[in-house]
Amino acid sequence: MHTNEHGPYEPKEEQVLHFEPQYKLVKCKVNGVPVAKMVDMRASLTDFLRNEFSLTSVKKGCEVGECGACAVLIDGISFNSCIYMAIWAEGKDIWTTEGITLKDGSLSIVQQAFVDEAAVQCGFCTPGFIVSATEIIARGKYYTIEELRKELANHMCRCTGYENILLAVQKANNITNGFELEPEHKVNRINEDNKEDFM
């Protein structure tokens, strides 16, 4: 007679799988400050910046690199930190929205432009947009609204406030790089004739 004492149904001692996290020392700069931290090798840069430095402007949105809410500057280039491993930050120069403010605590030109153009609604996407806008402005090139739409296409605004965001980025770029002094480089306001291009 078959019993449960043998075979696939026999009593087995319960095995608990336990994985010890692996850590690595990472040395980098965060908002201009040299830091050295032991980092879980599985952690994303988003978690590293939020958990270790309380830099909560780095938002956790889609966590698959699609929405841009977690964007940070790494050696001057905007990256989605949710798909960037923390251990890859070794030797890198990382900047978040907190570090973009001026030394006296006042807003940077791009941050002030977002305020002036009412480019902030719920604010969740704003830090990522500001980070990428900072990279764009640093290039020193004039951009039309259409060009900025393509440059910022990897960002999602849940409140669909793209019009004011584009105007804010163009305004900040024009002011920073002196384009506002040239008549042909005026902010391209969205009007009845071209509004379909932005919908």
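**Figure 1. Contact of helices α4 and α6.** Phe-129, Ala-133, Ile-136 and Ile-137 of α4 meet Tyr-162, Ile-165, Val-169, Ala-172, Asn-173, Thr-176 and Asn-177 of α6. By residue class, this contact of α4 with α6 comprises 8 nonpolar and 3 polar residues, with no charged residue. The view, like those that follow, is taken from a predicted model. Two packed helices are described by the angle between their axes and by the distance between those axes. Here, the axes of α4 (residues 126-138) and α6 (residues 162-177) come within 10 Å and cross at roughly 35 degrees. The crossing in which α4 passes α6 is right-handed.

**Figure 2. Overall arrangement of secondary structure, as context for the close-up views.** The protein contains 6 helices and 5 strands. Along the sequence, these elements follow the pattern β-β-α-β-β-β-α-α-α-α-α. Of its 199 residues, 40% count as buried. Among contacts in the protein with a separation of 6 or more, 55% are accounted for by residues 24 or more positions apart.

**Figure 3. Helix α1 and its cover.** Helix α1 spans residues 45-53, and its buried residues are Leu-45, Thr-46, Phe-48 and Leu-49. The cover over these buried residues includes the strands β1 (23-30), β2 (33-40), β3 and β5 (93-95). Just after α1, Ser-54 adopts a positive phi of about 55 degrees. For comparison, most residues other than glycine have a negative phi.

**Figure 4. Aromatic cluster of Phe-79, Tyr-84 and Trp-88.** Ring pairs link Phe-79, Tyr-84 and Trp-88 into a cluster. A search of the whole structure finds 4 aromatic pairs. One of them joins Tyr-84 and Trp-88 in an edge-to-face arrangement, with 5.4 Å centre to centre and 85 degrees between the planes. The assignment as edge-to-face follows because the angle between the planes is 85 degrees, and an angle over 60 degrees places a pair in that class. The two partners of this pair differ in burial class: Tyr-84 is buried, with a relative accessible area of 11%, whereas Trp-88 is partly exposed at 46%.

**Figure 5. Basic side chains over the faces of phenylalanine rings.** In one part of the view, Lys-37 lies over the face of Phe-53, at 5.6 Å from the ring centre. In the other part, Arg-158 occupies a position over the face of Phe-124, and its distance from the ring centre is 4.6 Å.

**Figure 6. Surroundings of Ile-77 in strand β4.** Ile-77 belongs to strand β4, which covers residues 77-80. With a relative accessibility of 40%, Ile-77 counts as partly exposed. When residues up to four places away in sequence are not counted, Ile-77 touches Val-72 and Glu-135. Ile-77 and Thr-134 are 57 residues apart in sequence, and their C-alpha atoms are 9.4 Å apart in space.

**Figure 7. Surroundings of Trp-95 in strand β5.** Trp-95 is located in strand β5 and counts as partly exposed, its relative accessibility being 28%. Leaving aside residues up to four places away in sequence, Trp-95 touches Asn-31, Gly-32, Val-72 and Leu-73. The C-alpha atoms of Trp-95 and Ser-78 are separated by 9.3 Å, and the two residues are 17 residues apart along the chain. Val-72 appears here as a contact of Trp-95, and it also appears as a contact of Ile-77.

**Figure 8. Loop residues with positive phi.** Asp-75 lies in the loop between β3 (71-74) and β4. Its phi is near 50 degrees, a positive value in a residue other than glycine. Asp-75 is partly exposed, with a relative accessible area of 44%. Ala-118 is situated in the loop between α3 (109-116) and α4. The phi of Ala-118 is likewise positive, near 50 degrees, in a residue other than glycine. At 48% relative accessibility, Ala-118 also falls in the partly exposed class.

Technical notes. Residues numbered from 1 in each chain as written. Predicted model: local features only at pLDDT ≥ 70, side-chain atom pairs only at ≥ 80, totals over all residues. Heavy atoms only, no water. Phe/Tyr/Trp six-rings, centres within 6.5 Å; stacked < 30°, edge-to-face > 60°. Buried < 20%, exposed > 50% of the residue type's maximum accessible area, 1.4 Å probe, protein only. Lys NZ or Arg CZ within 6 Å of the ring centre and 35° of its normal. Axes fitted to C-alpha atoms, helices over the stretch in contact; angles between N-to-C directions. Helix = DSSP H or I, 4+ residues; strand = E, 2+ residues; numbered from the N terminus. Left-handed = near helix turned anticlockwise from the far one by under 90°. Contact = heavy atoms within 4.5 Å. Nonpolar A, V, L, I, M, F, W, Y, C, P; charged D, E, K, R; others polar.
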